[in-house]
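Hi,

Here is the structure I promised to send over. Have a look at it first, and then read on for what turned up.

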Amino acid sequence: MQKNIVKILLITISTIITFIIQLCFLNNIPILGVKLNCVLICVIISCLALKSNATIPYAFVVGLMMDICFKFTIGPSTLSFLIIALVITIIKDMYNKYHIGFLFVVIFLSTFINEAISYVDSIIISKKYISVLLLFWIVIKSTIIHFAIAAIIKKVSDKILLKHKKDSAWEKGMREYNL
């Protein structure tokens, strides 16, 4: 129970920090011609970390916050994050293994869903059409950037968790031998 509360607290804090970073620094800075979406990365990682029944409400709240803070319309980010949470939940339940290939596929699908919904939203609002090939090029570049950031976050979190496990085992051994 305490472990779940700590996990939810860490996810909440990381989401708030991600919003602040995205709002203050990364919202208008293109990297390789693509706007970095740290909130999307946060949603992906959080949906992978949370239990299946908590991903949909989390994605809804984060999407709604994203729409209120960054968009002129309410709905596109919320819809995008809900679909992403649903896809991640289905994939996570089907394949209970987490590795780099799994992470790449999840990030590619999530980026595609997010960009496709943003594409449709921009067509509806501004009546400006862009090439579908350009959309796929943006998805590929965004996926590469998001994957690099998510892989770094995964490596760091794995090292922290492994270090924590080693410390716990070490402390347990010390207690067993009264040292």
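Asn-37 caps the N-terminal end of helix 2, with a side-chain oxygen 3.4 Å from the backbone nitrogen of Val-39. For that I used polar contacts (N or O atoms within 3.5 Å; within protein, one must be able to donate a hydrogen and the other to accept it, and residues adjacent in sequence count only if both atoms are side-chain atoms). Helices (H or I, at least four residues) and strands (E, at least two) are DSSP runs, numbered from the N terminus.

Before you go further: this is a predicted model, where local features need pLDDT of at least 70 and side-chain atom pairs count only at pLDDT 80 or more, while totals for chains, interfaces and linings use all residues. Residues are numbered from 1 along each chain as its sequence is written, and side-chain values use heavy atoms, with hydrogens and water left out.

Back to helix 2. Its 12 residues should span 16 Å, and the end C-alpha atoms are indeed 16 Å apart; the expected span is 1.5 Å times one less than the number of residues. Of those 12 residues, 10 are buried, meaning under 20% relative accessible area (exposed is over 50%, partly exposed in between; 1.4 Å probe, protein chains only). Among the buried ones are Cys-38, Val-39, Ile-41, Ser-46 and Leu-48.

Then there's the largest nonpolar core (buried Ala, Val, Leu, Ile, Met, Phe, Trp, Tyr and Cys residues joined through side-chain atoms within 4.5 Å). Of its 33 residues, Val-39, Val-43, Ile-44, Tyr-58, Val-62, Phe-81 and Ile-88 touch the most other members. Helices 1 (2–26), 2 (38–49), 3 (52–70), 4 (76–94), 5 (100–126) and 6 (132–176) each supply at least two residues of this core, and helix 2 gives the most, with 9.

What does Ile-88 contact, leaving aside its neighbours within four places in sequence? With contact meaning heavy atoms within 4.5 Å, the partners are Ile-44, Cys-47, Leu-48, Val-106 and Ser-110.

One for your charge checks: Glu-115, in helix 5, counts as buried because its relative accessibility is 18%. Not counting residues up to four places away in sequence, Glu-115 touches Leu-135, Ile-138, Val-139 and Ser-142.

As for the whole chain, there are 6 helices and 2 strands, in the order α-β-β-α-α-α-α-α. Of the 179 residues, 35% count as buried. Residues 24 or more positions apart make up 65% of the contacts with a separation of 6 or more.

Cheers
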